[in-house]
Amino acid sequence: MREEGEGIQSPPLLTMWAYLVRRLGYTIFTLWGLTLITFVLTRVVPGDPARVAAGPQARQEQVEQVRRMYGLDKPLWIQYGIYMQNLLRGDFGKSLWSKRPVVEDLRAYFIPTLELGLTAGFVFFFLGVPLGILSAIYRNTFLDHFLRLFSLIGVSFPVFIFGLVLLLVFYKLLGWFPVGGRIDPFISAPKHLTGFYLIDSFVTGNWRALVSSLHHIFLPAATLAYGSLAVVSRMTRASVLEVLSLDYVCTARAKGLSERAVLLKHALRNAMIPILTITGLQIGSLLGGVLLVEIIFSWPGLGTYAYTAVTVLDVNAIMAVTLTTGLLYTGVNLLVDLLYAVVDPRIRYQ
Amino acid sequence: MREEIRTLLKFLSPGKNVLGFLGVLLVLAVAMCAVLAPYVAPHNPYKVNLAERLRPPSWAHPFGTDELGRDVLSRVLLGTRISLQASVVIIALSLILGTGIGTVGALAGGWVDDVLMRLTDSFLAFPYLVFAMLVSAVLGPNLTNAMLAISITWWPWYARLARGQILSIKNQLYVEAARAIGVEGMRLFFRYFFRNAFSPLIVQATLDVGYAVLLASSLSFVGLGAQPPTPEWGRMVADGRQYLLSYWWVPIFPGLAIFVTVLGFNLIGDAIRDFADPRTRR
């Protein structure tokens with residue numbers, strides 16, 4: 001299809017838009033589903049949602065007050081309307097333990113989680129794909145077997161236990177890395193631009209802060225990345241191996257292209273779809289894993305927040321974290337869908 | 001089917017596939033521990049002995065003792081039973097729910113299928129650990145609710161798989177033939193659809209036991225699953241976490257138990273995937 005080239009230069013742009021719009025439609029539908037599920041869970045499943053919202057220690061009149069405040073005495077469909085209205089205005093209700101609106105808490109804890117998650121995502125993708133390719137090229141050699149075992153261990157290591165092991169080895173035994181927080185307490189945080197310490201300190205040329213943040217993020221990011229790295233490298237290996245056995249790779253080799261060109265231009269691009277799919281899915285498990293990793297390394301993010309919320313059963317706060325990560329995950333999947341169309345033009349025509 | 005199993009077993013033999021065989025051994029060992037735990041545990045896993053607290057591994061306590069002087073090995077052994085039971089229940093519940101919804105969608109088609117599949121997508125749009133945390137926080141923190149919560153987040157995978165299976169069977173010639181000779185209703189469903197769709201689902205479900213162990217222990221780790229003094233692995237890791245730096249054996253041994261269990265199932269899963277893919281079977 002690629003050879004037909006010239007004649008279909010303009011229609012793809014149109015179909016690309018159609019594809020985009022359809023994907024966006026799906027996404028909006030999914031998001032609506034998310035709100036419906038959380039509504040049912042937090043407002044219908046518990047026998048008395050007002051008591052849950054007010055907290056286990058609340059007195060009866062406080063419960064009644066909450067009931068009126070959130071309109072929990074009204075019919076369900078009106079309640080859902082109010083719930084949606086609040087969500088759209090960014091109102092998740094009040095947190096039980098911090099006594100502040102949940103949105104304010106989210107704002108404070110979201111960026112550190114995003115920084116940790118993105119760093120780990122970056123590491124697992126840009127390390128996992130090359131490792132997988134290496135594994136495919138040197139198939140059935142010592143390297144391949146080693147990588148296979150390495151990734152099988154990675155998939156099976158629960159993130160919270162791997163974190164503890166790293167903590168024990170690199171903090172306690174070797175003393176190479178510090179633990180706790182995002183930066184050394186004696187170094188002031190870099191000037192606030194994006195909220196990402198790594199970026200802010202780099203842009204402002206604050207090298208001391210940059211080194212300290214890198215030092216602090218290393219262990220949690222490594223813990224978080226390992227499992228996904230394992231999955232992505234396995235998938236890359238399988239996908240590249242499959243593509244390498246196809247006819248057009250044989251053709252490319254036959255016409256004398258260098259092995260490098262065959263691999264990077266012909267094989268990898270076609271092997272990319274399953275790799276992207278699995279990467280999108282891995283972001284989902286990363287978003288769950290990041291919460292556990294934060295607890296272990298005392299990283300001041302959503303995980304630490306959710307953990308505290310869980311111990312006091314602060315349903316509002318947990319719901320907000322769930323919706324935020326759900327939103328983020330849906331966004332990532334939309335991005336992956338769009339990347340499909342960039343990588344593989346055939347998808348736009350479907 | 002029997003022929004396939006025999007080939008598979010041959011494929012998992014030590015000469016052919018070392019890692020797959022290792023997986024079988026690990027899973028068998030874990031299963032043995034689960035069955036024999038109460039009989040082989042050297043100590044009472046619940047017995048508090050403050051005089052013996054936080055003792056390092058020794059002959060009397062191969063895995064050491066925890067902050068209340070309980071024998072870690074005995075607790076890990078009993079934990080095998082708890083974890084495996086929990087994960088089997090989780091998988092069974094999700095399988096029933098998922099297969100039901102996927103099958104209804106595939107057989108009904110049209111808008112019913114559309115609605116059910118969009119619903120399934122919405123469930124999959126949550127990162128599952130976070131979602132399971134919300135569900136079990138709403139239901140209340142205990143192991144039963146944690147199992148329910150994980151099933152509620154897990155079924156969509158089986159719904160998709162079952163739907164795909166049923167859809168492909170729907171167009172098979174033998175179904176048309178069965179219809180032509182007047183087979184219908186439940187008989188048609190069980191003899192022609194269910195039987196043929198069942199084996200891939202069961203294989204997938206078996207391999208997922210490892211992940212279920214992982215998820216259940218993760219929930220317990222954040223305090224939403226098993227409650228003390230239950231010797232559940234995730235809970236033991238959580239309670240022992242504060243002793244990590246001075247008394248590493250308290251959280252590390254239950255942690256390794258989770259790792260070994262999940263690894264066993266993953267090794268088998270990997271081997272079966274190779275087996276199913278003729279390109280890599282050589």
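What is the mean pLDDT of chain A, and what percentage of its residues reach 70 or more? In this predicted model, the mean for chain A is 83, and 93% of its residues attain 70 or more. Within chain A, confidence is highest in helix 7 (residues 159-173), at a mean of 91, and lowest in helix 2 (residues 49-54), at 71. Residues 1-11 of chain A have a pLDDT below 50, and this stretch makes 1 contact in the model beyond near neighbours in sequence.

The discussion now turns to the interface between the chains. Chain A contributes 42 residues to the contact and chain B contributes 40 residues. On the side of chain A that touches chain B, two or more residues are given by each of helix 1 (11-44), helix 6 (142-156), helix 7, helix 11, helix 12 (302-311) and helix 13 (315-343) of chain A. Helix 13 of chain A supplies the largest share, 9 residues. By residue class, this side of chain A comprises 28 nonpolar, 13 polar and 1 charged.

The nonpolar cores complete the picture. The largest has 148 residues, and those touching the most other members are A:I318, B:A132, B:M133, B:L134, B:I150 and B:A216. Helix 11 (residues 259-297) of chain A provides the largest share of this core, 16 residues. Leaving aside residues up to four places away in sequence, A:I318 touches A:A306, A:A309 and A:V310 in chain A, together with B:M133, B:L134 and B:A137 in chain B. Another core, of 5 residues, lies apart from the largest one; A:I183, A:F196, A:A209 and A:L210 are among its members.

Note on methods:
Residues numbered from 1 in each chain as written. Chains lettered and ligands numbered in written order. Predicted model: local features only at pLDDT ≥ 70, side-chain atom pairs only at ≥ 80, totals over all residues. Core = buried A, V, L, I, M, F, W, Y, C linked by C-beta atoms within 7 Å. Buried ≥ 20, exposed ≤ 12 C-beta atoms within 10 Å, placed from the backbone. Helix = DSSP H or I, 4+ residues; strand = E, 2+ residues; numbered from the N terminus. Contact = placed C-beta atoms within 7 Å. pLDDT = per-residue confidence, 0-100. Nonpolar A, V, L, I, M, F, W, Y, C, P; charged D, E, K, R; others polar.
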